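Okay, thanks for making room for me on the agenda. I'd like to walk you through one model today, so have a look at it on the screen first.

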Amino acid sequence: MRAALALLCVGQGVPGAWALFAPRSFHDAFPLPVFAWVTKFPPYNEHLVRDLGALSLGLTTVLLWAAVRPERSLVRAAAFGCLAFTVPHLVFHVAHLGRFETVDVIGQLISQVTPIVLAGMVILLSRRSSGAGI
């Protein structure tokens, strides 16, 4: 469970820090310059990109805290919070896949379904445990 939470931290934290501290670069080159998925949704808005980064780092903080101190209620809150972001994010992208080449569609689906699966796994594993120190 800690490994899943750690992976969720990386998945939120890396793009979150990138978006917050280098918003133009994030917009122009996420997830890699050759793909540049965000550019498919113009126009660039520094405020919104930085806000996304800050919110992602906020979620990362909660996920990291849950990984370090895996108390059942904290772990579940972090996982459900992750789902509250990742499920609507996936739904939006599924509705807009026509803008992308096949390789980008596959990459997006993998990158957006993976955190949902990991968060779901954390929730299921936390049901089987009780109390602090899951």
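Before the tour, a word on naming: when I say α1, α2 and so on, I mean DSSP runs of H or I with at least four residues, numbered from the N terminus. And please keep in mind that this is a predicted model.

Let's start with the pocket. The largest one holds about 980 Å³ of space. Its lining is made up of 35 residues, and the ones closest to the centre are Phe-26, Phe-30, Leu-52, Phe-85 and His-89. Where does the lining of the largest pocket come from? Five helices each put in at least two residues: α1 (2–21), α2 (23–29), α3 (46–68), α4 (72–95) and α5 (102–128). And what sort of residues are they, by class? The lining splits into 21 nonpolar and 14 polar residues, with no charged ones.

Next, how the helices pack. Two packed helices are described by the angle between their axes and the distance between the axes. Take α1 and α3 to begin with. Their axes come within 7 Å and cross at roughly 155 degrees. Anything over 145 degrees counts as roughly antiparallel, so α1 is roughly antiparallel to α3. The crossing of α1 past α3 is left-handed. If you sort the residues in that α1 and α3 contact by class, you get 17 nonpolar, 6 polar and 2 charged.

Now α3 and α4. Here the axes come within 8 Å, again with a crossing angle of roughly 155 degrees. By that cut-off of 145 degrees, α3 is therefore roughly antiparallel to α4. The handedness of α3 passing α4 is left-handed.

While we're on α1, let me point out Gly-11, which sits in that helix. Is Gly-11 buried, exposed or partly exposed? Its relative accessible area is 45%, and since partly exposed covers the range between 20% and 50%, Gly-11 is partly exposed. Follow the chain 45 residues along and you reach Ser-56, with 9.3 Å between the two C-alpha atoms of Gly-11 and Ser-56.

Just past that helix there's Ala-22, in the loop between α1 and α2. Ala-22 is partly exposed as well, with a relative accessible area of 28%. Its C-alpha is 8.2 Å from that of Arg-50, and those two residues are 28 apart in sequence.

Last stop: the loop between α2 and α3, which has some backbone features to look at. Most residues other than glycine have a negative phi, and most peptide bonds are trans. With that in mind, which peptide bonds are cis here? One joins Phe-30 and Pro-31, with omega about 0 degrees, and Pro-31 lies in this loop between α2 and α3. Another runs from Pro-42 to Pro-43, where omega is near -5 degrees, and Pro-43 is found in the loop between α2 and α3 too. You may remember Phe-30 from the pocket, where it was among the residues closest to the centre.

Then there's Ala-36, also in the loop between α2 and α3. It isn't a glycine, yet Ala-36 has a positive phi of about 45 degrees. Is Ala-36 buried or exposed? Its relative accessibility is 9%, and because buried means under 20%, Ala-36 counts as buried.

That's my tour, so over to you for questions.

Technical notes. Residues are numbered from 1 along each chain as its sequence is written. This is a predicted model: local features need pLDDT of at least 70, side-chain atom pairs count only at pLDDT 80 or more; totals for chains, interfaces and linings use all residues. Side-chain values use heavy atoms; hydrogens and water are left out. On a 1 Å grid over the protein atoms alone, a cavity is a set of points where a 1.4 Å probe fits but cannot get out, and a pocket is an open set with protein on both sides within 12 Å along at least five of seven lines; lining residues have an atom within 4 Å of a point. Grid points are joined across faces, edges and corners, and a volume is the space filled by probe spheres set on the points. Ala, Val, Leu, Ile, Met, Phe, Trp, Tyr, Cys and Pro count as nonpolar, Asp, Glu, Lys and Arg as charged, and the others, Gly among them, as polar. Buried means under 20% relative accessible area, exposed over 50%, partly exposed in between (1.4 Å probe, protein chains only). Axes are lines fitted to C-alpha atoms, for helices over the stretch in contact, and angles run from 0 to 180 degrees between N-to-C directions. Angles under 35 degrees count as roughly parallel, over 145 as roughly antiparallel, 65 to 115 as roughly perpendicular and the rest as oblique. A crossing is left-handed if the near helix is turned anticlockwise from the far one by less than a right angle, and right-handed if clockwise.
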